[in-house]
Amino acid sequence: MKVSLTVNGQEYEADVDPRMLLVHFLREELDLTGTKIGCDTSQCGACTVHLDGKSLKSCTMLTVQADAADVTTIEGLANGGLHVMQESFWENHGLQCGYCTPGMIMANSAYIKENPDATEEQIRESLQGNMCRCTGYHNIVKAVQEAAQAGGGD
């Protein structure tokens with residue numbers, strides 16, 4: 001099937017298998033490998049992107065369903081430098097191995113855009129859809145809080 005979508009500000013048209021997941025299209029067809037595949041069951045959140053400004057696990061959507069949509073990946077989040085959320089993760093040591101980090105950053109930048117005054121408890125609750133196997137989440141929460149204070153919603 002033919003699809004047309006905008007990814008990180010660039011328009012793409014492609015013929016895709018109707019069963020191809022968006023995460024595979026981004027990684028295999030567009031070579032945007034910052035979007036990770038962590039579980040294949042939509043449990044970990046490593047594949048999180050923004051679809052028309054909303055956080056979405058890209059392993060839960062077929063590419064054909066994203067036809068005419070605007071997709072932002074971790075590669076397209078910042079223009080020229082680091083996004084405020086990326087900078088905050090760096091400064092607050094909100095990552096260890098880094099595998100979950102793109103999904104965490106994408107999910108949380110969308111979350112604080114809609115909830116700029118989120119409490120620590122609300123941030124922790126919002127993290128339930130993203131799994132980190134390395135940390136205790138303390139520095140991730142701290143990074144999200146500081147990014148929110150700095151206006152880090154995209």
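1. Let's start with glutamate 120, which is partly exposed in this predicted model, its relative accessible area being 40%. Its salt-bridge partner is arginine 124, with the closest N and O atoms 3.1 Å apart. Arginine 124 is partly exposed too, at 34% relative accessible area. Both residues belong to helix α4 (residues 120-126), and because they are 4 residues apart there, about one helical turn separates them.

2. How many salt bridges does the count come to? The count is 3, and the pair in helix α4 formed by arginine 124 and glutamate 120 is one of them. The next two points take up other pairs.

3. Glutamate 114 and lysine 54 have side chains that meet in a salt bridge, at 2.8 Å from N to O. What does this pair tie together? Glutamate 114 sits in helix α3 (residues 101-114) and lysine 54 in strand β4 (residues 54-57), so the link is between parts 60 residues apart in sequence. Glutamate 114 is partly exposed, with a relative accessible area of 48%, and lysine 54 is partly exposed as well, with 49%.

4. Aspartate 17 and arginine 19 also form a salt bridge, and their closest N and O atoms are 2.9 Å apart. Here the two partners fall into separate accessibility classes: aspartate 17 is partly exposed at 35% relative accessible area, whereas arginine 19 counts as exposed at 68%.

5. Now have a look at threonine 73, in the loop between β5 (70-72) and α2 (84-91). Is this threonine 73 buried or exposed? Threonine 73 counts as buried, because its relative accessibility is 0%, and the cut-off for buried is under 20%. The side chain of threonine 73 makes a polar contact of 2.8 Å with the side chain of asparagine 8. Leaving aside residues up to four places away in sequence, threonine 73 touches Val7, Asn8, Leu26, Leu32, Thr35, Val49 and Met106. Asparagine 8 thus appears both in that list of contacts and as the polar partner of threonine 73.

6. Finally, spare a moment for histidine 24 in helix α1 (residues 22-29). Histidine 24 is partly exposed, with 23% relative accessible area. Which residues does histidine 24 touch, not counting those up to four places away in sequence? They are Glu29 and Ile37. You can also compare the positions of histidine 24 and leucine 62: these residues are 38 residues apart along the chain, and 9.2 Å separates their C-alpha atoms.

Conventions. Residues are numbered from 1 along each chain as its sequence is written. This is a predicted model: local features need pLDDT of at least 70, side-chain atom pairs count only at pLDDT 80 or more; totals for chains, interfaces and linings use all residues. Side-chain values use heavy atoms; hydrogens and water are left out. Helices (H or I, at least four residues) and strands (E, at least two) are DSSP runs, numbered from the N terminus. Buried means under 20% relative accessible area, exposed over 50%, partly exposed in between (1.4 Å probe, protein chains only). A polar contact is a pair of N or O atoms within 3.5 Å; within protein, one must be able to donate a hydrogen and the other to accept it, and residues adjacent in sequence count only if both atoms are side-chain atoms. Contact means heavy atoms within 4.5 Å. A salt bridge is a side-chain nitrogen of Lys or Arg within 4 Å of a carboxyl oxygen of Asp or Glu.
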